[in-house]
Amino acid sequence: AGLFQIIAFVGFLELFVMKDSANGAEPGEFVGDFRNGAIDFGWDTFDEETQISKRAIELNNGRAAMMGILGLMVHEQLG
């Protein structure tokens, strides 16, 4: 029953909450624009160059986190 609840919850989020076109943005404005109007940290007040820079910084932080987790998993398997 628990697995079904998790799958149903994730399905609900995918279909109704996490949409690229949320908050009046055009679909595909940029990949990963999941703002839903609940939390707004002033993203629209930044100029285009700052937005691109912040997206690149966030993407690189995500990549670094993935490599860190991968390193921990490899270390756990080897040692």
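I take buried to mean under 20% relative accessible area, exposed to mean over 50%, and partly exposed to mean whatever falls in between. I keep in mind throughout that the model I am reading is predicted.

**Entry 1: the aromatic pair.** I looked up F12 and found a relative accessible area of 42%, so F12 counts as partly exposed. F16, at 56% relative accessibility, passes the cut-off and therefore counts as exposed. Both residues lie in helix α1, which covers residues 2–17, and they are four residues apart, about one turn of the helix. I then searched for ring pairs, and the count came to one aromatic pair. That pair is formed by F12 and F16, with 5.5 Å centre to centre and 40° between the planes, and I note it as tilted. The angle is neither under 30 degrees, as stacked would require, nor over 60, as edge-to-face would require, which is why tilted is the term.

**Entry 2: the whole chain.** I count two helices and zero strands in the protein. Of the 79 residues, 10% are buried. I noted an accessible surface of about 6800 Å² for the protein, of which 65% belongs to carbon and sulfur atoms.

**Entry 3: Q51 and the ring of F46.** Which residues does Q51 touch, not counting residues up to four places away in sequence? I find W43, D44 and F46 in that list. Q51 itself lies in helix α2, and its relative accessible area of 9% is under 20%, so I enter Q51 as buried. F46 came up again when I looked at K54, whose charged end sits over the ring of F46, 5.1 Å from its centre.

**Entry 4: a nonpolar patch.** I looked for nonpolar side chains grouped on the surface and found a patch formed by M67, I69, L70, L72, M73, V74 and L78, which together have about 740 Å² of accessible area. I followed up V74, which lies in helix α2, spanning residues 48–78. V74 has a relative accessible area of 41%, so I list V74 as partly exposed; this value is over the 30% that patch residues must exceed.

How values were computed:
Residues are numbered from 1 along each chain as its sequence is written. This is a predicted model: local features need pLDDT of at least 70, side-chain atom pairs count only at pLDDT 80 or more; totals for chains, interfaces and linings use all residues. Side-chain values use heavy atoms; hydrogens and water are left out. Patches are made of residues with over 30% relative accessible area and no salt bridge: like charges are joined within 9 Å, nonpolar side chains (Val, Leu, Ile, Met, Phe, Trp, Tyr) within 5 Å. Accessible areas come from the Shrake-Rupley method with a 1.4 Å probe; for residues, only the protein chains shown count as cover. A salt bridge is a side-chain nitrogen of Lys or Arg within 4 Å of a carboxyl oxygen of Asp or Glu. Buried means under 20% relative accessible area, exposed over 50%, partly exposed in between (1.4 Å probe, protein chains only). Contact means heavy atoms within 4.5 Å. Rings of Phe, Tyr and Trp (its six-membered ring) pair if their centres lie within 6.5 Å; planes under 30 degrees apart count as stacked, over 60 as edge-to-face and the rest as tilted. A charge sits over a ring if NZ of Lys or CZ of Arg is within 6 Å of the ring centre and within 35 degrees of the ring normal.
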